[in-house]
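Student: I have a model on my screen and a list of labels. Can we go through what earns each label?

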Amino acid sequence: MRAVIRRDKKLICDEIADLTPGEGQVLVKTLACGICGSDLHFLHHMEHMIEITRRGESSVGAGAFDPTADTVFGHEFCAEILDFGPGTTGVLKAGTRVVSMPVTLTASGVEALGFSNRLPGGFAERMILSEALLLAVPNGLPTDSAAMTEPFAVGAHAVAKARLDADSVALVVGCGPVGLAVIAGLKAKGHGPVIACDYSPRRRAAAERLGADVVINPATESPNGRWESYGVPTARAAQSMARMMGKTFGRPVVFECVGSPGILQSLIEAAPAGSQIVVAGVCMETDRIEPAIAITKEIELTFVLGYTPDEFAMTLRQLSEGVIDVSGLVTGTVGLDGVADAFVALGDPEAHVKILVQPNG
């Protein structure tokens, strides 16, 4: 079967071995798979990221993964059941459209799809999934929208880790796929106001479609200039005075969704005292912060990764019920032969918001 393989830091469309489902597994046809920002990073920096992952003992299966060997990316997918391995129940019939957390249970352990040398991810015509992890796509939810379950579950998890109160004001810095997912997660939970910030007009428009209450271009306005207008004093002294006068205000929460060096330090300096900064952007380089500033302002840093099974299932349900509307976010689709060019195109935030790969299209 055909797949797009990361080989020698390049994307090569080639033939790989056909797949046979094992115990408790199903064979599926990949219908659509999103290109994630992590895919873009991993194309050129896989070796460095895996080394960092091993140092941090992350759960992505890095211990058995060889970043120099062939890898088929793709972890944001919707697929169709084709066949069943031994020990399966067949509760979901062949032909059923499904999504799954991007991991497959095997006799030797867990394979992280998209980051595995043994099993291909969604940039392949077929995949092997675990029957126990499958979720049927509810009737009526388009395949392209179902493929957005995984990236939007990332936003749901970041929101779940935020200590928001009923009057909290949220600032989302960076409106790429992660920031957009955070905005959707905030609005799905009824939080607001949500301030969104990005240099890209296209991304700001997407943030507005997903429900951001205020959209800011940081080239012309500081994203931290709106706190006072929403009743949030920025200085510790002003906050103490407000409390002594019996006034209340919502807790300021900042979501860092950029992942570039220097962003975290700039947010520590500019955020209101007592803020929680939820770090959802994955910085691939060594960064520098000045803890004394965060200490003085009593800033709380919360680092987040991935999602839980419940958050994944909840996101699929929210997409199917229209609580989260992702229509218009998919700005391009490609077959396997177009994946390499799509990676280049995604380097320009004005060119695309989200590109889906259709391996069998």
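**Labels and their cut-offs**

Tutor: Start with one pair: F255 stands opposite V278 in β14. This is a predicted model, where local features need pLDDT of at least 70, side-chain atom pairs count only at pLDDT 80 or more, and totals for chains, interfaces and linings use all residues. Residues are numbered from 1 along each chain as its sequence is written, and side-chain values use heavy atoms, leaving out hydrogens and water.

Student: What makes β13 and β14 a pair?

Tutor: Two strands pair if DSSP finds at least two bridges between them. Strand β13 (residues 252–256) and β14 are joined by four bridges, so they pair, and they run parallel. Strands are DSSP runs of E, at least two residues, and helices are runs of H or I, at least four, numbered from the N terminus.

Student: Which strands does β4 pair with, and in what sense?

Tutor: Strand β3 (residues 25–34) pairs with β4 (residues 76–84) in the antiparallel sense over eight bridges. There, C33 stands opposite F77. β4 also pairs with β5 (residues 97–100), again antiparallel, over two bridges. V98 in β5 is the bridge partner of A79.

Student: Why is V28 called buried?

Tutor: Buried means under 20% relative accessible area, exposed over 50%, and partly exposed in between (1.4 Å probe, protein chains only). V28 has 0% relative accessibility, so V28 is buried. V28 lies in strand β3. Leaving out residues up to four places away in sequence, V28 touches residues including A79, I81 and M127. Contact means heavy atoms within 4.5 Å.

Student: Why does S145 count as buried?

Tutor: Its relative accessible area is 14%, under the 20% limit, so S145 is buried. S145 sits in helix α2 (residues 143–146). Beyond its neighbours within four places in sequence, S145 is in contact with L319 and V326.

Student: Why is M244 called exposed?

Tutor: M244 has 64% relative accessibility, which is over 50%, so M244 is exposed. M244 belongs to helix α6 (residues 236–244).

Student: How do you know how confident the predictor is in the chain?

Tutor: Use pLDDT, the predictor's confidence in each residue, from 0 to 100. The chain averages 94, and 98% of the residues score at least 70.

Student: Where does pLDDT stay under 50?

Tutor: Over residues 58–62. The model has seven contacts for them beyond four places in sequence. Where pLDDT is low, the predicted coordinates should not be read in detail.
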